[in-house]
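Visitor: I would love a close look at one part of this model, followed by a walk outward from there. Could you take me through it at an unhurried pace?

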Amino acid sequence: MRILVVGSGTMGHGIAEVMAIAGHEVKVVDISWDILNRAKEKMNESLNRLYEKKVISESPEAIMARISMSTSYDVASDIDFGIEAVPEIFELKKKIFQYLDEKAPKTAILATNTSSIPISEIAEFTNRKDKVIGMHFFNPPPLMKLVEVIPSKYTSEETINETVELTKRVGKVPVRLKIEVPGFVSNRIFIRLVQEACREVESGEASIQDVDSAARNKLKLPMGIFELSDYVGLDVVVDIWKVIVSRGGTDVKCSSFEKKVSSKELGVKTGKGFYSYPGGRYVKVPLPEDSKADPARIISLAVNEGAWLIENNIVNAEEIDTVMKLGFNFPKGLMQIADELGVDSIVKNLEDIEKKGEKAYSPVKLLREMISRGETGVNAKKGFYRYT
Ligand code: 3HC
């Protein structure tokens, strides 16, 4: 298959690498050769690491030979599949989809790796609305197994099936949303984790290190919430929550993230965010073993969001858990963790925070119903899952 990736930043170059590893011919387009050459270096570096660890058996040189680069959209003229992975700027995505629609064969599917913008809004700029779809990868794409597949209200069943098949062929696991929602499953939940982490710190309940230590040492997540935000890019995190909030999501109040963004401390990529990363490279953040932060409180708002997604028939508990395990390397699914910590404990935390004037924490209907039915998780043998 001939694949085009537009944008060669953090996600774009990783996606191109994944496609080339799977044997596809890949063209990468970006605005300058400086950016493209940097992407080439990063792909080489990553392929060498995978080769040394025997994750791939083909040589990095042979894989790189399938990747070509350009600063012109003309290379789209013979592609089968296009994937856009540029920053979350709506006007930029609009322009790119208009170009691609003009240049690419009428049969080509055009996917977007947007983190949160509704796919229908992007599809509307093309004359092939049925062939536009969301294909959301996770950072770093060569390591993370998940791809969220998000059909818009216009996407045809054929486009969905082809995208699901391509996802499987490149060794990834697709989770298909039934209906698109801003932020999809992954980022709606991620943003709620960020929101609660931020509230705990800004209200003085806990420190950044307390929250991150509890996330890593008590919840056993691979990264703390602030650490993961630095890894994703604080500008990206703020962009995602703005898209979700501006399209009807509950407000996110978090001035410390906005302060970091306005002082250009964007996380790993700028060498400094909530933590420091010399040379702009990720290093595991040193954290204290002990922490006063409560894991049930940290995940409470995210579980509320998960319950909202279930209640609105967008995905089920298993699909949410697949997203968190394969997209964020959680050792267990979020809803499973909620069952283990107790749905009653999650709801108590939500109600306590709601009483402090935080309307976003009002437990959703499904959670209230679960409590009234006594479905409080593992202890009750029923929560989001059944236990025997
Ligand atoms: N290519 C190849 N190998 C890579 C790599 C890459 N891009 N990045 C890291 N690795 C390798 C390292 O070389 C290392 O190999 P080793 O074990 O042989 O030394 C191994 O992966 C582990 O890396 P590190 O030692 O640097 O650090 P960690 O053990 O902490 O693992 C991690 C890094 C896999 C990123 C892990 O911390 C993790 O899973 N973090 C969570 C990531 C996550 O949640 N991603 C999703 C973000 S949200 C998103 O992308 C959506 C978007 O819309 C915002």
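Visitor: Let us take residues 3–178: how far apart are the end C-alpha atoms of that span, and what percentages of it are helix and strand?

Guide: Happy to. Please keep in mind that this is a predicted model. Residues 3–178 are 39% helix and 20% strand, and the C-alpha atoms at the two ends of the span are 26 Å apart. An unreviewed UniProt entry annotates residues 3–178 as "domain: 3-hydroxyacyl-CoA dehydrogenase NAD binding".

Within that span, have a look at the loop between strand 6 (132–136) and strand 7 (146–151), where Pro140 lies. Asn139 and Pro140 are joined by a cis peptide bond, with omega about 0°. Most peptide bonds are trans. Asn139 also leads us on to the ligand, since Asn139 is listed among the closest of the 23 residues surrounding it, together with Ser46, Arg49, His136 and Asn329.

Let us stay with the ligand for a moment. A side-chain N or O atom of Arg49 is 2.7 Å from a ligand oxygen. Asn329 likewise places a polar side-chain atom 2.7 Å from an oxygen atom of the ligand, and for Lys284 the distance from a side-chain N or O atom to a ligand oxygen is 3.3 Å. On its own, the ligand would expose 1,100 Å², and the protein buries 74% of that.

Who makes up the surrounding shell? By residue type, it divides into 13 nonpolar, 7 polar and 3 charged. Helix 2 (33–52) gives at least two residues to the shell, and so does helix 9 (225–232). Domain 1 (2–176) and domain 2 (184–388) each contribute at least three, and that takes us on to the rest of the chain.

The same kind of unreviewed record has a second annotation, "domain: 3-hydroxyacyl-CoA dehydrogenase C-terminal", covering residues 183–277 and 297–387. Residues 183–277 are 60% helix and 0% strand, with the end C-alpha atoms 28 Å apart. For residues 297–387 the figures are 60% helix and 0% strand, and here the end C-alpha atoms are 23 Å apart.

Residues 183–277 also offer two local details. In the loop between helix 8 (208–218) and helix 9 you will find Lys220, whose phi is near 65°, a positive value in a residue other than glycine. Most residues other than glycine have a negative phi.

The other detail is a disulfide, and a search of the whole structure finds 1. Cys198 and Cys254 form it, with an S to S distance of 1.9 Å. The disulfide is right-handed because the torsion about the S-S bond of Cys198 and Cys254 is about 85°. Distant parts of the chain are linked by this pair, 56 residues apart: Cys198 belongs to helix 7 (residues 186–202), while Cys254 sits in the loop between helix 10 (234–246) and helix 11 (255–262).

Notes. Residues are numbered from 1 along each chain as its sequence is written. This is a predicted model: local features need pLDDT of at least 70, side-chain atom pairs count only at pLDDT 80 or more; totals for chains, interfaces and linings use all residues. Side-chain values use heavy atoms; hydrogens and water are left out. A residue is near a molecule or strand if one of its heavy atoms lies within 4 Å of it. A polar contact is a pair of N or O atoms within 3.5 Å; within protein, one must be able to donate a hydrogen and the other to accept it, and residues adjacent in sequence count only if both atoms are side-chain atoms. Accessible areas come from the Shrake-Rupley method with a 1.4 Å probe; for residues, only the protein chains shown count as cover. Helices (H or I, at least four residues) and strands (E, at least two) are DSSP runs, numbered from the N terminus. Ala, Val, Leu, Ile, Met, Phe, Trp, Tyr, Cys and Pro count as nonpolar, Asp, Glu, Lys and Arg as charged, and the others, Gly among them, as polar. Domain bounds come from an automatic or database domain assignment. UniProt positions are given in the numbering used here, feature names are shortened, and annotations may be inferred rather than shown by experiment. A disulfide is a pair of cysteine sulfur atoms within 2.5 Å.
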